[in-house]
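This report is a short guide for a reader new to the structure. Please look over the sequence and the 3D view before reading on.

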Protein chains: 2
Amino acid sequence: MDGESKLVERVARAFRLRTGASHTSALRLGIGDDAAILSSGGKKDWVLSCDAFLEGVHFLTDRHPADSVGFKSLVRAASDLAAMGATPRFFLLTLAIPVRRTGTWLGEFLRGMARAARSMKMTLAGGDTTKSNAVSISITVVGEIAGGRAVTRAGARPGDLIYVSGTLGRAQLGLDLLVHGNVSGKNRRGVSAKDRAIEGLLCPHLYPSTKLELGAWLARHRVASAMMDISDGLSTDLTRLCTASGVGAQIQSAAIPVVVLPAALSKCRGRLKFHPLQMALHGGEDYELLFTVSPRNAKKLHAAPGFKHLTQIGKVTRGKDIVLINSKAGKSRLKPQGWDPFGS
Amino acid sequence: MDGESKLVERVARAFRLRTGASHTSALRLGIGDDAAILSSGGKKDWVLSCDAFLEGVHFLTDRHPADSVGFKSLVRAASDLAAMGATPRFFLLTLAIPVRRTGTWLGEFLRGMARAARSMKMTLAGGDTTKSNAVSISITVVGEIAGGRAVTRAGARPGDLIYVSGTLGRAQLGLDLLVHGNVSGKNRRGVSAKDRAIEGLLCPHLYPSTKLELGAWLARHRVASAMMDISDGLSTDLTRLCTASGVGAQIQSAAIPVVVLPAALSKCRGRLKFHPLQMALHGGEDYELLFTVSPRNAKKLHAAPGFKHLTQIGKVTRGKDIVLINSKAGKSRLKPQGWDPFGS
């Protein structure tokens, strides 16, 4: 179990809760999944999740433009709603900022966040503001879904097929470019082919998008048996999904959709330590969806939004092991090696 | 307008919202009040609020015991639900914490928070954990209330009577004792009369309580025309209530319920700069309720829980001024001088 999951278990124990369980008639799902589900007995359930985004931990003010910080902090939080199949509606913003950031920086931050809110049709419903030594953002998102339709991490069954949306490792490549590639996310103007290529590669890291439409479709049509978003890396998040479902998995490494470096950047390959499979397995912040589908439901997937960007990467198995199958290296156990704030 | 209110207005503008307004059929009340109100068309509304509690800003790890930090952070957040008349049900905890605090400190913190949760019958529904350089806590609380019964800041009318619950300035006195009184909130064992007196005075600062029962009663019986909690000080919070209602107020300074220093501490009076009225007017964190009642509803108050601890301190007036009437000094304008993170 990764460090963060251990800490969540410890918090749950302090409150005498079981992770992933239903606790009261109104709380259909509590601590341990992507989001909590509140039912008020009507046709709709509310889905709630919160997410922290901190200067020095999740972003650097000298590398990340303020509008990216605003945009991404809301998208990250909303991704937990996509992971349940819910449609985002409202959010609460807790913003702690140094007084020196209340000028231009705050203006750009709010513009970025407002752009993300418009694109996801979310309304700011409230919040709290205070001063601090570093920027600290905490966002609570509220989504809605038809009663009982939310997809948790816990429904995967042996034999189910495992899918991911999109390409994995893109956000990690963007981060590597920012940190090791001697480029900045600020005030970039693409002039050369290389500049334009870099700009394109930074985008998934600076301005990610979530798979809201896909998540909602999978929930509405009851196609996914289990689902979560890939925020900390496939190896870590697949382990969490399997743990919640009490199952194992077999993944074909050749099937994993990895990043291809544009020709204009082929010379940067070494400096970037470009390992597409490692980035796809352990890179975080892609906000793609990881979900399982029973074999008899698999053909329904053809009607899913963005079907051509879905990839079956393996199968759910009995037992607990997560096995990576590589045509050259053979079988190996896939351990959680993604982002873990409390990892050793 | 105080600095924090200005910042809230700026955030609202960035999202093209009006503070205190209803924005969609599901969002009955948005940014600018104590909490947001979500309606899903059923008999009950959900009330949501979030609150930040930061090391170095709101508490000091060398002065405040970890269990007080856990206890108080949840009570503070729940106080915004009391302020609407809602009954607390669930909360989400965003906890950013240095790795060195994940041992004993975290255990005590969680024990304090669990104690507060039990006392208010709240269930932890989810959250997020990450590492950081300093402890940063953000809590989102969810309460419920009968549809349409939540009491906002905006309903006060000229002629309404202004009430507060409890005694004001107690939390400020506790803070002053901790900061200037050369005492610590940690591991205190009351032996002498003075020690016991200090312990009693620290309590409202370290382990505050909210007026949940009173708030819910005032809402259920439609007795309060406007309500909020006093978290930043009477002068600041009364100004916010009056601004939201578009009214002024006249306050009798002699009527304000102030702290009386116990005899055992009479010698500390000078060192503590003990000014009971100033503490009551501008001291924060009392989490008492400030509410207005029309004259014809005033007699109903006799049936309110804790009626004998309610005090009428003044009246709502036309205009915008908040006037303090002192039998010796005469009339003066009461300006917001409570806690303001963005004050000059």
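## An edge-to-face pair in chain B

In this predicted model, B:Phe71 is buried, with a relative accessible area of 9%. Its ring pairs with that of B:Tyr207, a residue that counts as partly exposed at 23% relative accessibility. The two ring centres are 5.6 Å apart and the planes stand at 70°, so the pair is edge-to-face. B:Phe71 belongs to helix H2 (residues 66-82) of chain B, while B:Tyr207 is in the loop between helix H5 (193-206) and helix H6 (212-220) of that chain. The pair therefore links distant parts of the chain, 136 residues apart.

## A tilted pair in chain A

Over all chains, the structure holds 12 aromatic pairs. One of them is formed by A:Phe53 and A:Phe59, with 5.1 Å from centre to centre and 35° between the planes, and this pair is tilted. A:Phe53 is buried, at a relative accessible area of 2%. A:Phe59 also counts as buried, with 1% relative accessibility.

## The surroundings of A:Glu285

A:Phe53 is also one of the residues in contact with A:Glu285. A:Glu285 lies in the loop between helix H8 (276-282) and S10 of chain A. Is A:Glu285 buried or exposed? Its relative accessible area is 15%, so A:Glu285 is buried.

The side chain of A:Glu285 makes a polar contact of 2.8 Å with the side chain of A:Lys72. Neighbours within four places in sequence aside, the residues in contact with A:Glu285 also include A:Arg76, A:Ala171, A:His205, A:Ile230 and A:Ser231.

## Strand S7 of chain A

Strand S7 of chain A spans residues 161-165, and 5 of its 5 residues are buried. Both of its faces are covered. On one side are A:Leu161, A:Tyr163 and A:Ser165, and on the other are A:Ile162 and A:Val164.

S7(A) pairs with strand S11 (residues 310-317) of chain A in the antiparallel sense, over 5 bridges. It is also joined to strand S10 (residues 288-293) of chain A by 4 bridges, and these two strands run antiparallel as well. A:Leu161 takes part in both pairings: its bridge partner in S11(A) is A:Lys315, and in S10(A) it stands opposite A:Val293.

## Positive phi angles in two loops

A:Arg222 is not a glycine, yet its phi is positive, at about 50°. This residue is in the loop between helix H6 (212-220) and strand S8 (224-230) of chain A. A:Arg222 is exposed, with a relative accessible area of 52%.

In chain B, B:Lys121 is another residue other than glycine with a positive phi, near 55°. B:Lys121 is found in the loop between helix H3 (104-119) and strand S5 (123-131) of chain B. Its relative accessible area is 69%, and B:Lys121 is exposed.

## How the two chains are arranged

A turn of 180° with a shift of 0.0 Å along the axis lays chain B on chain A, with an RMSD of 0.0 Å. That is the relation of a two-fold axis. The C-alpha of B:Gly42 is the one in chain B nearest the axis, at 2.9 Å from it.

Of the interface residues of chain B, 100% are also interface residues in chain A, so the copies meet through the same surface.

## Confidence of the prediction

The average pLDDT of chain A is 90, and 95% of the residues score at least 70. For the complex, the predictor gives an ipTM of 0.88 and a pTM of 0.91. Where pLDDT is low, the predicted coordinates should not be read in detail.

Key: Residues numbered from 1 in each chain as written. Chains lettered and ligands numbered in written order. Predicted model: local features only at pLDDT ≥ 70, side-chain atom pairs only at ≥ 80, totals over all residues. Heavy atoms only, no water. Least-squares fit on C-alpha atoms with pLDDT ≥ 70 in both. Contact = heavy atoms within 4.5 Å. Buried < 20%, exposed > 50% of the residue type's maximum accessible area, 1.4 Å probe, protein only. Pairing = 2+ DSSP bridges. pLDDT = per-residue confidence, 0-100. Polar contact = N/O pair within 3.5 Å; in protein donor to acceptor, adjacent residues only side chain to side chain. Phe/Tyr/Trp six-rings, centres within 6.5 Å; stacked < 30°, edge-to-face > 60°.
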